[in-house]
Amino acid sequence: MQELRDLGGLISLATWDQETYLPPKAAESRAFQLSTLQGIYHERLVDPRLGELLASAVGNKHLTDDQRAMARVLIQERDRAVKVPKALVQALAEAQSRGLVAWREARKQNRFSVFKPALERMLTLRREQADAYGHDGERYDALLEGYEPGMRVARLSPVLSALRNNLIPLVAALQSAPRKVGDLFEGRRFDTETQWRFTMRLLGDMGFDLEAGRQDKSIHPFSSGQHPMDVRLTTDLEEGSLTALFSTLHEGGHGLYEQGFSADHYRTPLANAPSMGMHESQSRMWENLVGRGRPFWSHYLPALREAFPQALAGVELDAFHTAINRVTPSLIRVEADEVTYNLHIVLRYELELLLIQDSLPLDELPSAWSERMRGFLGVTPPDDTQGVLQDIHWAWGEFGYFPTYALGNLYAASLYRAAQRAMPTLEEGFARGELKPLREWLRTHVHADGYRLPAEDLVRKVTGQGLTDVDFLAYLKSKFGALYGVTL
């Protein structure tokens, strides 16, 4: 069990390096290295001897509750793995590395056709993998299980469709509101090194342990947990915006989760979130419910003005808070506001569901993307880089991952509401720069549990209810109705 965790950490480290410091000419060698490492991991996981040991553990009446949970989680992982041939595992690892190279080149040339062969190869392998896992006629279920255990298309599609149907008129109501919100940051420049220093301050104030983790730069911000004592984050710095601050809060939320697992669970399957939706709830909470809130900026705006005296001269709290919450349908998911963000997710979910079902020819993918962008958000991508090529996930072959972002938003709203009930003065503390009380509450009620319970069971334990959009929609209507002066 511990060897598997160690191997997984090395695979994660090699992938992190691939996105940060790997020399361009080393991409080929890294593809082979990852293929070898993942092949070894797969061999260890499917070893018949491990199966015998796990079967013995299940029948052992003297195990602790934690040990039973460890066996349960490892059995779940192993049962899936034994169904996939080693050759397919290695082929997928190699396809992921080659897919990343092709995706970067396609973005550079602004041509989907450059990425298409790599994507076609990845889709073929993922369909083969889904069939190996087994399913009840819906291949996507088998892939979704790897990110959101227990979730199925039959349940997910109605949830996301209802969310879409609530959000489209909500966006329209805000767009037609009498109160207009301009782009306060247009034309302003923010030195990237100064931004970097500010992001590092935010990480420290959140309680992210910089002796057990680090932040670096990458094209697409991400987090990588090799071990709770080695958590890597990245952010993307742009001179024309302050998005790096929110990227750092987002990835910092992931990082706090990784660092918050119980020391008793290190090097075991329990030092994990029970689902990616649960993991995403932490990042979206810190980025949006905390980091786009007025209390947070009542403390940090003076320091930000001091850091950027020219760019933010004369910018007051109300104007700044409204500007960072400006609702405007846009092309880029990672820059989307809270109200429109989930529409980006639904778009991707619907498309990748069709791709895995082999119901959408790849040649039609860019046009299908544009058609949904117009229908959901009223905007049309001018090129492939700002459209179908904008996300790294399909290059990684992460089909089934996108829905977890929407689930994370729903879980985040419910968990944050529970934190407010437990700590009525929580946001008053934010206004004083006190962020660690929230981290401690999350560490106690969410992080330390690791993978003891399935995601929805954990949320139910903390909040008293399972998956629901009620808290999320109430939060949006309250916050944005006030900002735009309308009743939603």
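A charge sits over a ring if NZ of Lys or CZ of Arg is within 6 Å of the ring centre and within 35 degrees of the ring normal. This is a predicted model: local features need pLDDT of at least 70, side-chain atom pairs need pLDDT 80 or more, and totals for chains, interfaces and linings use all residues. Numbering starts from 1 along each chain as its sequence is written, and side-chain values use heavy atoms, leaving out hydrogens and water.

**View 1. Charges over rings at Trp196 and Tyr133.** The charged end of Lys217 lies over the ring of Trp196, 5.1 Å from its centre. Arg80 places its charged end over the ring of Tyr133, 3.7 Å from the centre.

**View 2. The aromatic pair Phe185 and Phe190.** The structure holds 21 aromatic pairs (rings of Phe, Tyr and Trp, the last by its six-membered ring, with centres within 6.5 Å; planes under 30 degrees apart are stacked, over 60 edge-to-face, the rest tilted). In Phe185 and Phe190 the ring centres are 6.3 Å apart and the planes meet at 65°, so this pair is edge-to-face. Phe185 counts as buried at 14% relative accessibility. Phe190 is buried too, at 0%. Buried means under 20% relative accessible area, exposed over 50%, and partly exposed in between (1.4 Å probe, protein chains only).

**View 3. One aromatic cluster.** Phe185 and Phe190 belong to a cluster with Phe198, Phe246, Phe296, Trp297, Tyr300, Phe308 and Phe320.

**View 4. The surroundings of His321.** His321 lies in helix 13, residues 317-324. Helices (H or I, at least four residues) and strands (E, at least two) are DSSP runs, numbered from the N terminus. His321 is buried, with a relative accessible area of 10%. Its side chain reaches the backbone oxygen of Arg292 at 3.3 Å. Leaving aside residues up to four places away in sequence, His321 touches Arg292, Gly293, Arg294 and Leu483. Contact means heavy atoms within 4.5 Å.

**View 5. The chain behind the close-ups.** The secondary structure comes to 21 helices and three strands. The radius of gyration of the chain is 22 Å, close to the 23 Å that the globule rule gives for 488 residues, so the chain is as compact as a globular protein of that length. That radius is taken over C-alpha atoms; the rule is 2.2 Å times the number of residues to the power 0.38. Along its principal axes the C-alpha trace spans about 65 × 55 × 45 Å. Buried residues make up 58% of the 488.

Technical notes
A polar contact is a pair of N or O atoms within 3.5 Å; within protein, one must be able to donate a hydrogen and the other to accept it, and residues adjacent in sequence count only if both atoms are side-chain atoms.
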